Each structure stands twice: as structure tokens, then as C-alpha cells.
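Biologist: I'm new to reading protein models. Could you walk me through this one, feature by feature?

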Amino acid sequence: MVSVLVMTIVYGLVRQDGSHDGLTGVLGFTRMSSSWPFCLILFHFMTSLGIRSVSEAASIVHIGRHCRNGSWRFPLRSIARTAAHISLYVLIFAGMFGSGDKTVCRVTARTGVPVGMHASMDGEAAGLPFTILLREFSMDEYPPELHLLDTAGNIASEEYLSVTGEGVCGVVGEWGLYVDRYMDMAGRMPGDTAYRAMRHVGAVPAVYVVAENKAIGERRSGWVSCGSRIFRASFLGLDGETVIFMPPPEARGYLSRITVADGKGRTEDFDVEVNHPARFGSWRIYQTGYDTSAGKWSSVSVLECVRDPWYWLVHAALWVMLASGLLMFLASGGRDKADVPVEKAERREVR
């Protein structure tokens, strides 16, 4: 039991890609499904568990006798134990032996262009039983941050000022920073010295910041922006080697509004987010990526389509295991006279 538990944990934590790189690859942990020791231990465990499950299921026929004797804990324990063994057997069987039937593919969708082809994890192109139309891609970003950058060593400060609006101030390093003006979508045209608000592809957050170092009596002010593929980044120099810079805002979440249609005329609209997949028949569609160079202006969404015929069986086994745990909790406690097995009670009466 311990060996099965350890090997199952290793099997779940290590990527099973068959690679020989690294310590896990040299030890064979990346190809455990083709390992004879693992297969033999798993076969022995599954055989023992199956026999135990059949034995527990056969003992359920005696539950009626205990119910007539006024006992209720013993029947609940028997049902819970039997359900736990059977559900564990089904869970391992479906999870391990059903992995070969699982289909995982990647789809790159562009706004307004239906996609009916996918690339497998090996890079081979194939057709899907449905088409995906990306209607819209949107992204929610964290507030921009202002860091100090040592240009000599190209080292950014761990401290930063989070720009949540105008009037925000804080101390970063030895400099006090004050946000005088802030625009979440702005741009600076060639020849201009200031940023101006604009709703345009490639617009970036821009901050007019005032920096002051009272220790040396220095004061600087100017525009700072992270830049994009259209607009160049802006920095504010503080001294010979230190500047204020704004890294690209990190994505808080992103969403793809898609339409999925199959050849039978069935059409459904979904909003796909990270950890909130769409379900279309036996397929689940996950949000996995986008065009990082374009950021929130990306017109490309990377989706992962997964088909697992054993999915519902695994979920049913998990729910049965939870229910068996609840029954064990309800049946826990002391053992009264009514909980004594019928056979033992009959032998005592004969004496």
C-alpha cells in the first residue's frame, strides 16, 4: 500500500513525457507507465482491491438482519466501506487506464475567423468536430507600477509604487514619488513632449510623476510609460545611473467570447476564462494564452480543447468517496449490543 501511494504521488507530480533529461528522466520517473515495477505493483494493488470490493459487496446481503435487530451503525459502516473500496477501484482504473483515451489539442483563434483545425501536443494538425469563432478578447490588468532601475547593473528595485490614480504617493528607495497626472490609455505622437488620452490600439498607461530626494536636495519630474508596439517607453532620469521606469502591467485575468458550432446545426456562445472552461458536448475548452506582445490589444486567443470519455466516471467516483466518508462519520462512535454481528450473537445464545 505504501509503495503504491509513493509511486502514485511521483506519477502525478512528474510530467510523463518519456524524456531522459534531468534526474527524474535518468531515474525513469518520466516514463512510469511503461515501467515493469510500477505496472506489477499497480496490478497487484488493483487485484487485491478488486477482490476486497467484491467481498465487501457480497456482505451487504446480511445488512437486513442487523436492521431487524435494531442496529444501524454496523449497516452504515458496511455500506460506507464497500462504497469507498469500489469508488477507489473505479477512480484508479478510470484515471490510469483511461488516460490513453484522452484527447488534448491546442487551437489558435483570431478575432472574426472561424477555426476548425487544431494542433496536437506533438504539433500535428488535425480537424475538430466543431468550429470555434473568437468574437472578442478582453483583459483585465493590475494597476501599473513605478520602479527604480539601476542602469549600470540593469537591476530593478523590489519596492515599487502602485499607481491606482492621481495623487498617489510613496517612497521607493531614497526617492519620494508623487503621481501628478495619470491616464490608463494614452499615447505620445512623434514630436510631442506630453502624453494625451486616446482610445487606440496600442494605447498605454502614462504617468506624470514628481520625484524628490530630500537627502541630496534633488527634484525631478516627467512622463513615465511602459510603451507598446506602437508607442515607445518613457523613463525619468533621476541621476547618472538611476531612472524611474514602468514595466508592462501584469494580466489579472483575460476572457475570450467564443461561438462554438458543430456540423449538426448546434451553436452555443461561451465566455471562457482561466479555470472556467466551456463545455460543449464531451469537450471542454480552456483559456491558456494570448499574444503577449500585444497585451490587452491581442486579437489572438490560445485555447486548449480536451476530450476525456472517462471524465464523468472519475467525478462520480469522487462524489461516491465523499459520500462514503460522510457515512463513516455518521456511523462512528461506540459499539453497542445491537452492533454485534448476527453470527456471534447466535453462538452466544447457544452457550
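We'll take the overall make-up, then helices, cores, hollows and a few loop residues.

Biologist: Let's begin with the big picture. How many helices and strands does the protein have?

Modeller: Before we count, keep in mind that this is a predicted model. The protein has seven helices and 18 strands. Its chain holds 351 residues, and buried ones make up 35% of them.

Biologist: What about the surface? How much of it belongs to carbon and sulfur atoms?

Modeller: The accessible surface comes to about 20900 Å², and 58% of that belongs to carbon and sulfur atoms. You can also look at contacts between residues at least 6 apart in sequence: 52% of them join residues at least 24 apart.

Biologist: Now a helix. How far apart should the ends of helix H3 be?

Modeller: Count 1.5 Å a residue, leaving one residue out of the count. Helix H3 runs over residues 36-58, which is 23 residues, so the expected span is 33 Å. Its end C-alpha atoms are 33 Å apart, so the model agrees with the expectation.

Biologist: And helix H6, what does that sum give there?

Modeller: Helix H6 covers residues 311-331, and its 21 residues should span 30 Å. The end C-alpha atoms are 31 Å apart, which agrees.

Biologist: Which residues of these helices are buried?

Modeller: Start with the general idea. An α-helix has 3.6 residues a turn, so residues three or four places apart point the same way. Now the case here: H3 buries Phe38, Leu42, Phe45, Met46, Leu49, Gly50, Ser53 and Glu56. In H6 the buried residues are Tyr311, Val314, Ala317, Ser324 and Ala331. Try finding that spacing in both lists yourself.

Biologist: Next, the cores. Which residues touch the most other members of the largest nonpolar core?

Modeller: The general idea again: in soluble globular proteins, nonpolar side chains tend to be buried together. In this model the largest nonpolar core has 19 residues, and Leu146, Leu177, Val209 and Ile244 touch the most other members. Strands E4 (145-150), E8 (175-187) and E10 (204-213) are the elements that give it two or more residues. E10 gives the largest share, four residues.

Biologist: Can we zoom in on one of them? What does Val209 touch?

Modeller: Leaving aside residues up to four places away in sequence, Val209 touches Leu146, Leu177, Tyr178, Arg220, Ser221, Gly222, Val224, Leu236 and Ile244. Apart from the largest core lies another core, of 18 residues, including Leu128, Phe270, Phe280 and Cys305.

Biologist: Okay, hollows. What lines the largest cavity?

Modeller: A cavity is a space where a probe fits but cannot get out, while a pocket is open. Here the count comes to one cavity of 30 Å³ or more. The largest cavity has a volume of about 60 Å³. Arg279, Gly281, Ser282, Trp283, Arg284, Asp308, Tyr311 and Trp312 line it. Strand E17 (283-290) and H6 are the elements that give two or more residues to that lining.

Biologist: And the second largest pocket, what is its volume?

Modeller: About 370 Å³. Its lining has 23 residues, and Ser228, Ser293, Ala294, Gly295 and Lys296 lie nearest its centre. Strand E3 (125-141) and E10 each give two or more residues to the lining.

Biologist: Now loops. What is the phi of Asn154?

Modeller: Most residues other than glycine have a negative phi, and most peptide bonds are trans. Asn154 has a positive phi, near 55°. It sits in the loop between E4 and strand E5 (155-156). Because its relative accessibility is 62%, Asn154 counts as exposed.

Biologist: Where is Asn275?

Modeller: Asn275 is in the loop between strand E15 (267-273) and strand E16 (278-280). Its phi is also positive, about 70°, although it is not a glycine. At 69% relative accessibility, Asn275 counts as exposed.

Biologist: One last loop residue: is Val14 buried or exposed?

Modeller: The cut-off for buried is under 20% relative accessible area. Val14 is at 18%, so it counts as buried. You'll find Val14 in the loop between helix H1 (2-13) and helix H2 (22-27). Not counting residues up to four places away in sequence, Val14 touches Thr24, Phe29 and Thr30.

Technical notes: Residues numbered from 1 in each chain as written. Predicted model: local features only at pLDDT ≥ 70, side-chain atom pairs only at ≥ 80, totals over all residues. Heavy atoms only, no water. Buried < 20%, exposed > 50% of the residue type's maximum accessible area, 1.4 Å probe, protein only. Contact = heavy atoms within 4.5 Å. Areas by Shrake-Rupley, 256 points an atom, 1.4 Å probe, with all protein chains shown as cover. Core = buried A, V, L, I, M, F, W, Y, C linked by side-chain atoms within 4.5 Å. 1 Å grid on protein atoms, 1.4 Å probe; cavity = no way out; pocket = protein on both sides within 12 Å on 5 of 7 lines; lining within 4 Å. Points joined across faces, edges and corners; volume = space filled by probe spheres on them.
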